[in-house]
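I opened my notebook for a fresh model today and kept a short entry for each thing I looked up. Come along and check each one against the view below.

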Amino acid sequence: MDNEFIDISTSLKLQLGYGIGHVLNDVCASLWFTYFLVYFKLVLEFSNVQSGTLMLVGQMVDALATPFIGYHSDHTDNFWSAKYGRRKLWHLFGTICVVTSFPFIFSECVGCSLTHRWAQMYYFAAFIVIFQIGWAAVQISHLSLIPELAQDDHTRTHLTAIRYAFTVFSNLLVYIATWIILHITGECDKKQVGPSDSWKFRHIVFIVMGVGTIASLLFHLSVKETQNARSRQVLIDAEESGAHNLFIRKPLLYQVAGVYMSTRLVVNLSQVLIPLYLHLTLGLAARALAAIPLALYIGSLTAAGFQRLAPRSFSRKINYFFGSTCAMAGFVWIYFGSDHNYKEYFIYLVALLIGFGGAVMLVTSLALTADLIGERTEASAFVYGLMSFSDKLSCGLAIALVQT
């Protein structure tokens, strides 16, 4: 990076390069939140408590790792960070952890598939811990590049929207791949998911992770980050000004964290529980577990375009209120809907409402976080880590409570 902020609006290569830098995380997160409970409960036949406990372990590790990684990402200053970039160095570390651990989570226990379920939990928990540490490293390093690359609020919102657009495309990839794999069997329109479907999930993981790994490689080749004089001065200023302690003493930090945590609860819990709702409550076939989440993310894609085209006069509060109203309409409809027409047709409209509303809320809350950081980019990773801490811990506890 040059000594000044890069003009994002004139650098299409940088926009696209930055956007694809989180694709691997996004496809893994989509599989994790949408199909983790489905896979462990319906395919591996773990109990509700066992599958909920494993997800809680993952969320807690992620919650604890994010502020730790955020703090050390801000303070990384060595030979490798000077040559390669401190954010990209952590991104590379996280990518290696994700690639080497995540495929084992969606596979049967190697050499121990016949052992007791509680014994298998230790096996899966080990890979979940490695995956979540790596996922946190990629997420925090990627987010903390936003305030460093963009100076004004509108450009930061634009970059955040681009990032979320690639998140949506990543989720679409996962659901389309899932639908294709299920459709190939010719039974997805009638048969529900069961233990015989383990190999299908394994193929889905390898397909989408292959795309994600290539995207990460392109990110590292196209986005340049160098530890120049300005970056070194930022590290010195951070130590002298106590930027991290300054943020901790700000009441606004906890207000923004509350907004971000609430938003993530809406987005993540709907993504986790809707597949089980479709299977257990509505009794829909396997096809619905791909088609309806696909509709949800089509709504998210529409929201990304809406955020990009929204006039500057739209305040954060107006955007957030509009998004939360759409999401709430979808949840209320779920509470009252149960007839045949609802199951066959209206459930797709419900998914569109929830996807659109959740995406608007998420982009707005991320923009609020970037506003909070402002020009204090020396503490950006630490702030994003605190946000993610509140998000992961609350989601993990909520999911474990529901499963229990």
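**Entry 1, the fold.** I counted elements and found 16 helices and zero strands in the chain. I keep in mind that this is a predicted model.

**Entry 2, burial and contacts.** I looked up burial next: the chain has 404 residues, and 59% of them count as buried. For contacts between residues at least 6 apart in sequence, I noted that 83% join residues at least 24 apart. The chain exposes about 16600 Å², and I wrote down that carbon and sulfur atoms supply 68% of this area.

**Entry 3, a patch on the surface.** Which residues form a nonpolar patch on the surface? I found Ile298, Tyr345, Phe346, Leu349 and Leu352, with about 460 Å² of accessible area together. I then asked which helix gives the most to the patch. The answer is helix H15, residues 340–373, with four residues. Phenylalanine 346 sits in helix H15, and I had a closer look at this ring. Its relative accessibility is 39%, so phenylalanine 346 counts as partly exposed; the class runs from 20% to 50%.

**Entry 4, aromatic pairs.** I got 20 aromatic pairs for the structure. I picked tyrosine 39 and phenylalanine 40 to begin with: their ring centres are 5.7 Å apart and their planes meet at 80°, which makes the pair edge-to-face, because planes over 60 degrees apart fall in that class. Tyrosine 39 is buried, at 0% relative accessible area. Phenylalanine 40 is buried as well, with a value of 0%.

I also checked phenylalanine 102 and phenylalanine 106. Their ring centres lie 5.4 Å apart with the planes at 45°, so I logged this pair as tilted. Are these rings buried or exposed? Phenylalanine 102 is buried at 0% relative accessibility, and phenylalanine 106 is buried at 0% too.

**Entry 5, cysteines.** I found one disulfide in the structure. It joins cysteine 109 and cysteine 112, with the sulfur atoms 1.5 Å apart. I looked up the torsion about the S-S bond of cysteine 109 and cysteine 112: it is about -50°, so the disulfide is left-handed. Cysteine 109 is buried, with 4% relative accessible area, and cysteine 112 is buried with 15%.

I looked at two further cysteines before closing the page. Cysteine 97 counts as buried at 12% relative accessibility, and cysteine 395 is buried at 0%.

Technical notes
Residues numbered from 1 in each chain as written. Predicted model: local features only at pLDDT ≥ 70, side-chain atom pairs only at ≥ 80, totals over all residues. Heavy atoms only, no water. Patch = residues over 30% accessible without salt bridge, like charges linked within 9 Å, V, L, I, M, F, W, Y side chains within 5 Å. Areas by Shrake-Rupley, 256 points an atom, 1.4 Å probe, with all protein chains shown as cover. Salt bridge = Lys/Arg side-chain N within 4 Å of Asp/Glu carboxyl O. Helix = DSSP H or I, 4+ residues; strand = E, 2+ residues; numbered from the N terminus. Buried < 20%, exposed > 50% of the residue type's maximum accessible area, 1.4 Å probe, protein only. Contact = heavy atoms within 4.5 Å. Phe/Tyr/Trp six-rings, centres within 6.5 Å; stacked < 30°, edge-to-face > 60°. Disulfide = S-S within 2.5 Å.
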